[in-house]
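User: I'm new to reading protein models and would like a close look at a single part of this one. Could you walk me through it slowly?

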Amino acid sequence: MSKKATKALNNKYYVARYNASKTNDSFTSREKSAEVLNIDRTRLSRIELGTVVPYPEEVLAMSKAYDIPELCNGYCSGDCPIGKETVRPINADSLDRLILQFLGSSKKMEDISEQLIEITADGIVDDTEAATFDAVLEELEKMSVNIQSLMLWAQKNRDVMKNKGDMNSADAVNNK
């Protein structure tokens, strides 16, 4: 792909294909990409231009083919009518930041556990416990997002980590 399509410049599906084309010539054109994805070229064009919302199966195919797993979360949290209401967007950019967020959430787990035991001891969440219960649920949601972000980072970078491990093993053998 020599130049970017200006009309699709900000479309996440176009950007994903553009980035994938840097390492795979199969994605340098919509025509080639559509063939690999088993999507009609015109439909892929409409998806990338934002005139149609892709089907979940199309997003999954793009995510796998382009090796960009975060496309699925982007679809679910931003394009899917149900997902917009139930799925939070996750960010898997920086491992050190993700680890700190996860550790921050983990430190709160003992306190959350104690609050849940106290609230549910009688089997009822009464009016005096409702605000605390809502706060606990919010913290659990944050923890869930942190865990999902860390898992997405690992999924996205698994091959890179494996290759680094292989290279470190080779270096150790060569240094003996």
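Which element gives the most to the lining of the largest pocket?

Analyst: Happy to help! Please keep in mind that this is a predicted model. The element you are after is α5, which gives 4 residues to the lining of the largest pocket. That pocket has a volume of about 190 Å³. Besides α5, the elements that give two or more residues to its lining are α4 and α9 (127–174).

Now look at the lining itself. It is made up of 13 residues, and those nearest the centre of the pocket are S63, P69, E70, C72 and Q155. Sorted by class, the lining has 7 nonpolar, 3 polar and 3 charged residues.

Both α4 (56–66) and α5 (70–78) also meet another helix: the buried residues of α1 pack against them, as well as against α2 (30–37) and α3 (41–49). Helix α1 covers residues 12–21, and 7 of its 10 residues are buried, so it is largely enclosed by the rest of the structure. Among those buried residues are Y13, Y14 and R17. At the N-terminal end of α1, N11 acts as a cap, with a side-chain oxygen 2.8 Å from the backbone nitrogen of Y13.

Helix α4 has one more feature to show you. There are 2 aromatic pairs by count. In one pair, the ring centres of F27 and Y66 are 4.9 Å apart and the planes stand at 85 degrees; the pair is edge-to-face because that angle is over 60 degrees. F27 sits in the loop between α1 and α2 and Y66 in helix α4, 39 residues apart, so this pair links distant parts of the chain. F27 is buried, with a relative accessible area of 2%, and Y66 counts as buried at 4%.

How values were computed:
Residues are numbered from 1 along each chain as its sequence is written. This is a predicted model: local features need pLDDT of at least 70, side-chain atom pairs count only at pLDDT 80 or more; totals for chains, interfaces and linings use all residues. Side-chain values use heavy atoms; hydrogens and water are left out. Buried means under 20% relative accessible area, exposed over 50%, partly exposed in between (1.4 Å probe, protein chains only). Contact means heavy atoms within 4.5 Å. A polar contact is a pair of N or O atoms within 3.5 Å; within protein, one must be able to donate a hydrogen and the other to accept it, and residues adjacent in sequence count only if both atoms are side-chain atoms. On a 1 Å grid over the protein atoms alone, a cavity is a set of points where a 1.4 Å probe fits but cannot get out, and a pocket is an open set with protein on both sides within 12 Å along at least five of seven lines; lining residues have an atom within 4 Å of a point. Grid points are joined across faces, edges and corners, and a volume is the space filled by probe spheres set on the points. Ala, Val, Leu, Ile, Met, Phe, Trp, Tyr, Cys and Pro count as nonpolar, Asp, Glu, Lys and Arg as charged, and the others, Gly among them, as polar. Rings of Phe, Tyr and Trp (its six-membered ring) pair if their centres lie within 6.5 Å; planes under 30 degrees apart count as stacked, over 60 as edge-to-face and the rest as tilted.
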